[in-house]
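Me: I have a protein model open and would like to learn how to read its features one at a time. Where should I begin?

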Amino acid sequence: VCMSSYPIARLAGTPDVPAQLLTGPPELPRLGGPAEQSRLTGPAELGRITGPPEQSRIAGPPPAPAPAASCAAATTLFVPTYEWQQLPDEARVPAGLEISLPLDGGVKQARIPRRWQLRVWIDGHGFWRTDVTRGTPVGELRRSAAQHMRQPTEAVELLLDGSAVLDEETVESVRLFSRRDVVSVRERG
């Protein structure tokens with residue numbers, strides 16, 4: 001699974017674990033003794049284990065997130081839905097998904113969260129934010145945007161890729177989660 005903003009460390013015999021769970025703040029001890037230290041494997045960027053066993057910790061700052069280019073090798077674009085789906089190891093995962101990475105080696109899964117926040121910049125009005133679910137009607141979004149803009153609902157339209165969206169459509173039917181970067185709101189004129 002390619003999640004470029006989440007550094008991953010690997011403990012021998014366990015599935016992937018986010019590196020920040022291992023490192024934490026540098027001043028806190030994280031690994032208890034030689035047995036735990038010997039299980040740590042993974043990228044050299046995680047640092048080295050220093051200090052006596054009772055004060056063992058990972059030296060240095062947590063690793064920086066991998067650049068997006070490191071995901072270039074990922075060949076499968078994961079198309080999210082509101083139902084749990086298995087994540088192929090080589091999948092590129094869009095930000096904002098609910099992800100299940102079982103520590104027991106179970107199946108990695110992802111889905112669009114049941115409730116998520118749509119955030120759209122509206123010129124002259126700042127960010128408009130609203131919580132949505134799969135069944136939220138576009139008309140409700142338009143009313144919310146109009147309220148944010150202090151305009152009557154009829155004076156505002158919601159656009160996807162520059163095209164107006166019908167009020168009867170739903171967040172799921174227009175695939176809004178995957179298209180949230182092309183949402184815009186404008187006053188009808």
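Reply: Begin with a charge over a ring: Arg 119 lies over the face of Phe 127, 4.3 Å from the ring centre. Keep in mind throughout that this is a predicted model.

Me: Which residue lies over the face of Phe 177, and at what distance from the ring centre?

Reply: That is Arg 180, at 3.9 Å from the ring centre of Phe 177.

Me: How many aromatic pairs does a search of the whole structure find?

Reply: Two. Trp 116 and Phe 177 form an edge-to-face pair, with 5.1 Å from centre to centre and 90 degrees between the planes. To read the angle, recall that planes over 60 degrees apart count as edge-to-face. Trp 116 belongs to strand E11 (residues 116-122) and Phe 177 to helix H4 (residues 176-179), so the pair ties together parts that are 61 residues apart in sequence. Trp 116 and Phe 177 are both buried. Trp 121 and Phe 127 also form an edge-to-face pair, at 5.1 Å centre to centre and 75 degrees between the planes.

Me: Is Phe 127 buried or partly exposed?

Reply: Read the relative accessibility: buried means under 20%, and exposed means over 50%. Phe 127 has 32%, so Phe 127 counts as partly exposed.

Me: Now the sheets. In what order do the strands of the open sheet with E13 stand?

Reply: The order across a sheet need not be guessed from the strand numbers; read it from the pairing. Here three strands stand in the order E14-E13-E15, with antiparallel pairing. Strand E14 (163-164) and strand E15 (183-187) are at the edges with a single partner strand each, so one side of each has no neighbour in the sheet. Strand E13 (residues 156-160) pairs with E15 over five bridges, in the antiparallel sense. For one place to look, find Leu 159, whose bridge partner in E15 is Ser 184.

Me: Which helix lies across E13 and E15?

Reply: Helix H3 (residues 138-149) does, running at about 125 degrees to E13.

Me: What is the order of the open sheet that contains E10?

Reply: The order is E7-E10-E9, again three strands with antiparallel pairing. Its edge strands are E7 (85-86) and E9 (98-100), each of which pairs on one side only. E7 and strand E10 (residues 109-111) are joined by two bridges. Gln 86 stands opposite Gln 109 in E10.

Me: Which residues touch the most other members of the largest nonpolar core?

Reply: A core is read as a network of contacts. This one has 29 residues, and those touching the most other members are Trp 116, Leu 118, Trp 128, Leu 141, Leu 176 and Val 185. At least two residues come from each of E11, strand E12 (126-132), H3, E13, H4 and E15. H3 supplies the largest share, five residues. Beyond its neighbours within four places in sequence, Leu 118 has contacts including Trp 128, Leu 141, Leu 176 and Val 183.

Me: Why does Val 156 count as buried?

Reply: Val 156 counts as buried because its relative accessibility is 0%. This residue is found in strand E13. Among the residues that Val 156 touches, leaving out those up to four places away in sequence, are Arg 142, Ala 145, Met 149, Val 185 and Arg 188. Val 156 and Arg 188 are 32 residues apart along the chain, yet their C-alpha atoms are separated by 5.5 Å.

Technical notes. Residues are numbered from 1 along each chain as its sequence is written. This is a predicted model: local features need pLDDT of at least 70, side-chain atom pairs count only at pLDDT 80 or more; totals for chains, interfaces and linings use all residues. Side-chain values use heavy atoms; hydrogens and water are left out. Rings of Phe, Tyr and Trp (its six-membered ring) pair if their centres lie within 6.5 Å; planes under 30 degrees apart count as stacked, over 60 as edge-to-face and the rest as tilted. Helices (H or I, at least four residues) and strands (E, at least two) are DSSP runs, numbered from the N terminus. Buried means under 20% relative accessible area, exposed over 50%, partly exposed in between (1.4 Å probe, protein chains only). A charge sits over a ring if NZ of Lys or CZ of Arg is within 6 Å of the ring centre and within 35 degrees of the ring normal. Two strands pair if DSSP finds at least two bridges between them. Contact means heavy atoms within 4.5 Å. Axes are lines fitted to C-alpha atoms, for helices over the stretch in contact, and angles run from 0 to 180 degrees between N-to-C directions. A nonpolar core is a set of buried Ala, Val, Leu, Ile, Met, Phe, Trp, Tyr and Cys residues joined through side-chain atoms within 4.5 Å.
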